Amino acid sequence: MSSEVRTSCPYCGVGCGVIVTTAADGAVSVRGDPEHPANFGRLCSKGAALAQTLDHDGRLLEPQIDGRPVSWEQALDRVADRFGAIIDAHGPEAVAFYVSGQLLTEDYYLANKLMKGFIGSANIDTNSRLCMSSAVAGHKRAFGTDSVPCDYTDLECAQLIVITGSNLAWCHPVVFQRIAHARKQNPDLKVVVVDPRRTSTCDIADLHLAIRAGSDATLFNGLLAHLVRAGKTDSVFVQNSTEGLQATLETARRDADDLAGVAERCGLPLEQVSAFYQLFANTDRTVTLFSQGVNQFSTGTDNVNSIINCHLLTGRIGRPGAGPFSITGQPNAMGGREVGGLANQLAAHMELDNPEHRALVQTFWSSPRIARQPGLKAVDLFEAVHSGKVKALWIMATNPAVSLPDTNRVREALAACECLVVSDCMQHTDTTRYAQVLLPAQTWGERDGTVTNSERCISRQRPFTAAPGQARPDWWIISEVARRLGHAAAFEYPNSAAIFREHAALSASGNRGQRAFDLSALMQIDDDAYDRLTPVQWPVRITPSSRLFGDGRFYTPSRRARFIPIATQGPARQVDALWPLVLNTGRLRDHWHTMTRTGKSARLSAHNIEPCVEIHPQDAQQYSVRDGELVQVKSQRGAILVRARVSDHQPPGCVFIPIHWNHRFSSLASVDQLVSAVTDPVSGQPEFKYTPVSVQPWPARWYGFILSRRRLALEGIDYWACARGDSHWRYEIAGNEVPEDWSASIQAMLCTLDAAVEWTAYEDRAARRFRAAQIRHGQLENCCFIGPDIRLPERAWLAGLFGADVINDQDRRALLSGQSASGVEEAGPIICACFSVGRNAIARAIRDQACRSTAAIGECLMAGTNCGSCVPELQSLIAEYS
Ligand code: SF4
């Protein structure tokens, strides 16, 4: 008998519903939930490959102290003893939690309750600080509440969608698919993309503004001034529902009244700015969708408010097809905001600096104390750990050794921390290696609770498989520590439903319409109804309310939305002769965060095998960088080694490096070690989108690759990056020292020499070429190819041999040539992850079989016919090869 469970995807803030089917033989498959309002059955490549990521390889299976397995009792006692002793000796500000948008709302709620209401400090911050805290701060400044005014249906009834600071096609692919579909249904729907890079999102753009990095607020200040000039002020709305226009307008006019000046400062042609302004001015139903490219600046909050100002002026908010729409990065970034997971919030959208709110929460929790002032935001928190001010830190479900800015300093802080506790589902991450206490947590598919997506829609995450080893829910772990700290009565929960009821009741407590976040209709939900809960958008009041802000009432003291004057400033640090290029960081299509989950999938790993720096051809020429070779990228904070990808999709003067790689997957490509710990003064969000750097070729004397049936520990190699393949691991390697004896060096790395292994090798020392293969019991165990430059055999045919039960004689003979004797052409780098269709195969279909549409390619190769994530790339290839 097979079984089906409705749950939601654990990756991005789109929050797609998925249906997981477990067959009688235990095989798990995943498909989109046709009834979920976020995706109506669609999934992207990451969601579609979820079933490939369920193995227990690398899982943390038991509690550990100092690397030794211990019982839960011992581990929890240790955490409570150390935290308790440090609080007693140094006060509550000497301890901190660093949590995550990966936690479920119930976990998040308890972590916040323990820290703010029982330990009595607000030193709990979250990795959501890194992706959307500027949007939170912008919302609160303008609306008096951190509430996103839009939902996904607004995108489908808009006439204009401005996508700014988001490669939606890769980072929120299902929302992108919904827009692409809406555009097909409604040819009048216009899309403008504002982004320095030409990303896949631009494939549906009527206008792409390749704006100068960091000039967003100038563009929107100029738009505000233009809208007034063009007579587009919604006077009734402004009069009845807003305040502060005059001062804001004066500032905008001083800053950006002159169209030519705006164009010059934004690095755009005047006609493009003019076309954008006219389109915005003349289109009533406009949604401005923004994400990290707006938020991740030292001026991120101002950027957000410069966008909101334009919507307030035109009254384009609180009605269908109109509004500023911040789209969140993580699956439960929004849930974290609801429970007060940020150090400057209380809980249920209440304020730490509001005595009434503090009293209300303290009474509700019956807590002995309550934090009275904001705690340390992420960057400051780790600085306080570094200085020893914070002596005990508990990190839950996140990997700050990779994801925070200036990670070398973060690693120093972690290494020096007197008491470091990490709860995680994975044993080996860049962060867990520093922990004294490791607590095994449950992960997706095992845990039970809720998440909230970008459109304020609460969905259930339901378990469909048993947790391995001793992994436990995060809420249980937190409750057990709280109990040991003397707070048993306040942390007595039989299940996650009970925590959800309390969270909903707190949102209703003393609310009386004062706070937008209100789950009063759910505060008495029983366990069965919680189990069956279908996706629901907040507020969920007992008396259903109209659309958020639809009545023109906001949550400021005056109930009016506030215009915020924006005096534009550039990024904190500018390029100069020493650091001449701007580094921008971001996500790739098929990976998620630090790859602990997506790195398990061969299908997802095939799209981008290695960490790369994308660089414009002009810059490549100027700095002697060649496509495919290794380059060193340096900043004032550190240096990394990555592969060069020369592309005119990148603007001159800027480079782009993905965020995903870390020490588990590469020798030296953790990009956040380059980023300075510069933050927005209002939100505390780091400036990930603008780091002055230099690039220079790295003098490799040899390049190579190893394909291995096992994961290897490559010690002493200057450069390596690894990726999962089907039945093998792929390592790209390079060095600038040539070993005395290639055979000995490679065999030492592979560590598989035993009587059952056949070893064949070929070496041309003068030409710096070496090739070797190991076969065990007729199967390929390892192969290695080294050469003086990047011209090495394609990997696909060799990789395919790992799937063979026994290598046939013909393939054995061809092995060291690196290519099939039958002359089968290589598929090339994978474009369609769902059906493993490579670039070369697609190019051949376009050229030789006249496939001139994505539908034709789909018919010929299946590419693009499942999740659709590769469709923008197929369109680019059609343009390139037609
Ligand atoms: Fe998951 Fe993709 Fe949906 Fe994001 S868009 S929630 S990654 S399926």
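User: Which residues of α8 and α11 meet in this predicted model?
Analyst: This is a predicted model, in which local features need pLDDT of at least 70, side-chain atom pairs count only at pLDDT 80 or more, and totals for chains, interfaces and linings use all residues. Residues are numbered from 1 along each chain as its sequence is written, and side-chain values use heavy atoms, without hydrogens and water. Contact means heavy atoms within 4.5 Å, and helices are DSSP runs (H or I, at least four residues) numbered from the N terminus. On the α11 side stand L259, V262, R265 and C266, and they are met from α8 by T218, L219, G222 and R229.

User: How do the residues of this contact divide by character?
Analyst: Cys, Leu and Val count as nonpolar and Arg as charged, while Gly is among the polar ones. The contact of α8 with α11 therefore divides into 4 nonpolar, 2 polar and 2 charged residues.

User: Are α8 and α11 roughly parallel or roughly antiparallel?
Analyst: The axes, lines fitted to C-alpha atoms over the stretch in contact, come within 10 Å and cross at roughly 165°. Angles over 145 degrees count as roughly antiparallel and those under 35 as roughly parallel. The two helices are therefore roughly antiparallel.

User: What radius of gyration does the protein have?
Analyst: The radius is taken over C-alpha atoms, and the globule rule is 2.2 Å times the number of residues to the power 0.38. For 882 residues a compact globule would come near 29 Å, which agrees with the protein's 27 Å.

User: What share of the residues is buried?
Analyst: Buried means under 20% relative accessible area, with a 1.4 Å probe and protein chains only. Of the 882 residues, the share that counts as buried is 63%.

Methods. Axes fitted to C-alpha atoms, helices over the stretch in contact; angles between N-to-C directions. Parallel < 35°, antiparallel > 145°, perpendicular 65-115°, else oblique. Buried < 20%, exposed > 50% of the residue type's maximum accessible area, 1.4 Å probe, protein only.
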